[in-house]
Amino acid sequence: MDFNQKLENYALLAVKVGVNIQPGQTLVVNADIASAELVRLVVRKAYEAGAKLVKVNYSDEVVTRTRYDLAPEESFSEPPKRFGDEMEEYARNNACFLTIISTDPDLLKGVDPKRITMNQRVSAEAMAGYRQLLMGNHASWSGVAYPSASWAAKVFPDAPEEERINLLWDAIFRAVRADVEDPLEAWQLHLDELKRRCDKLNERKYRKLHYKAPGTDLTVELPEGHIWCQAGAVNGKGVPFLANIPTEEVFTVPHRDGTTGKVSSSKPLSYAGSVIDRFTLTFTDGKVTDYTAEVGQDKLAVLFSMDEGAASLGEVALVPHRSPISESGILYYTTLFDENASCHLALGASYAFTLEGGTSLTEEELTERGMNQSLIHVDFMMGSPEMDIDGITDDGTAEPIFRNGGWV
Ligand code: ZN
Ligand code: ZN
């Protein structure tokens, strides 16, 4: 299969499986200018599928970096209010949203953390209404990736420069199943398989999960009525969509106050424009009470300074170490891919749909039932081939779920 066919398959997957656009609907695409080739294909596929309007918001990583280097301080305390309001209005009016990520995982390396903190906070606040609609699955949303030269250089530093992008493309096409004859059918089969995993876990109704691996000994309580989900979801109008491509995870919500112990990261995390690596978090009664990082400790500080909920968990996800993405052995330096090669947890906001009846509850009601609220939701990878996970039932019995990084 040639490159153009695979790229076309990828665009089709983003439109038909990712946001699953319906006739008459508006699609909003947020993308870096470097990914214009894919954006244009997506726009074509969306109109062919009946889109009323495709609105493209281009950003440019060079422009972003230049701003961080040269703009005056006050540039970063100004919230992007109009953009936030516009996105929220689109979400309320049944638009769907596609993000195409392609930025350098270290784009903001060396930038004054104060500028980053300020900008992260005002942006998150300005986008809060929009984000809440998406996290509650009221509107359809999805994310895919497009390799930039800087990103490819980070993933394949030892390959000759002219080959890096193609290596990253090959890896992406394989991971997203764009290189098979019928990608839509391949995704249906894969999502059915993940659904079967969810069904089994939902039957068991575990009270707690207990993780053990080198550097990790963690107990995570699950609230009553938690639901195991896969990224294949259904929006407020009953239309299915897939929140990220690729996906290998099944996930649910931890109780906000119920995590205790220590967890060590197993892959680097790109957050706020730089990489955080080899970090350990200590939890007491659901909150991070201590943390260390060999790389990027100041960026972890940025994360925890966002708000109170940033120090508690909002998601717990199981991914076998032998997933296709993990077996490639490639470290992508982007959560969209790396989270599908490893069990992970997320700091910050929980998804209302991971609790029975959650999408019709108010913020206060969700909090009362143990759901964490925050301006952020940041997944970090902590799974490894040494990881064992037990499910603890109501009567305290431990049942093996994972052994040596894989499903029992
Ligand atoms: Zn996840
Ligand atoms: Zn997540």
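Reader: Which residue stands opposite Ala145 in strand 4?

Author: Strands here are DSSP runs of E with at least two residues, numbered from the N terminus. In this predicted model, local features need pLDDT of at least 70 and side-chain atom pairs 80 or more. Residues are numbered from 1 along each chain. The residue opposite Ala145 is Ile101.

Reader: In which sense do strand 3 and strand 4 pair, and over how many bridges?

Author: Two strands pair if DSSP finds at least two bridges between them. Strand 3 covers residues 96–101, and its pairing with strand 4 is parallel, over 5 bridges.

Reader: How many residues of strand 4 are buried?

Author: Buried means under 20% relative accessible area, with a 1.4 Å probe and protein chains only. Trp141, Gly143 and Ala145 point one way, Ser142 and Val144 the other, and all are buried. Strand 4 is therefore largely enclosed by the rest of the structure, the count being 5 of the 5.

Reader: What is the arrangement of the donor atoms around the zinc ion (ligand 2)?

Author: Donors are N, O and S atoms within 2.8 Å of the metal (3.2 Å for Na, K and Ca), water not being among the atoms. Glu315 (OE), His377 (NE2) and two OD entries of Asp379 lie 2.0 to 2.4 Å from the ion. Four donors count as tetrahedral if all angles lie between 85 and 135 degrees, and as square planar if opposite donors are over 155 degrees apart and all others between 65 and 115; anything else is irregular. Here the angles are 55 to 144°, so the arrangement is irregular.

Reader: Which residue coordinates both the zinc ion (ligand 2) and the zinc ion (ligand 1)?

Author: The two ions are 3.5 Å apart, and the residue coordinating both is Glu315.

Terms used: Chains are lettered from A and ligands numbered from 1 in the order in which they are written. Side-chain values use heavy atoms; hydrogens and water are left out. Buried means under 20% relative accessible area, exposed over 50%, partly exposed in between (1.4 Å probe, protein chains only). Helices (H or I, at least four residues) and strands (E, at least two) are DSSP runs, numbered from the N terminus. Four donors count as tetrahedral if all angles lie between 85 and 135 degrees; four count as square planar and six as octahedral if opposite donors are over 155 degrees apart and all others between 65 and 115; anything else is irregular.
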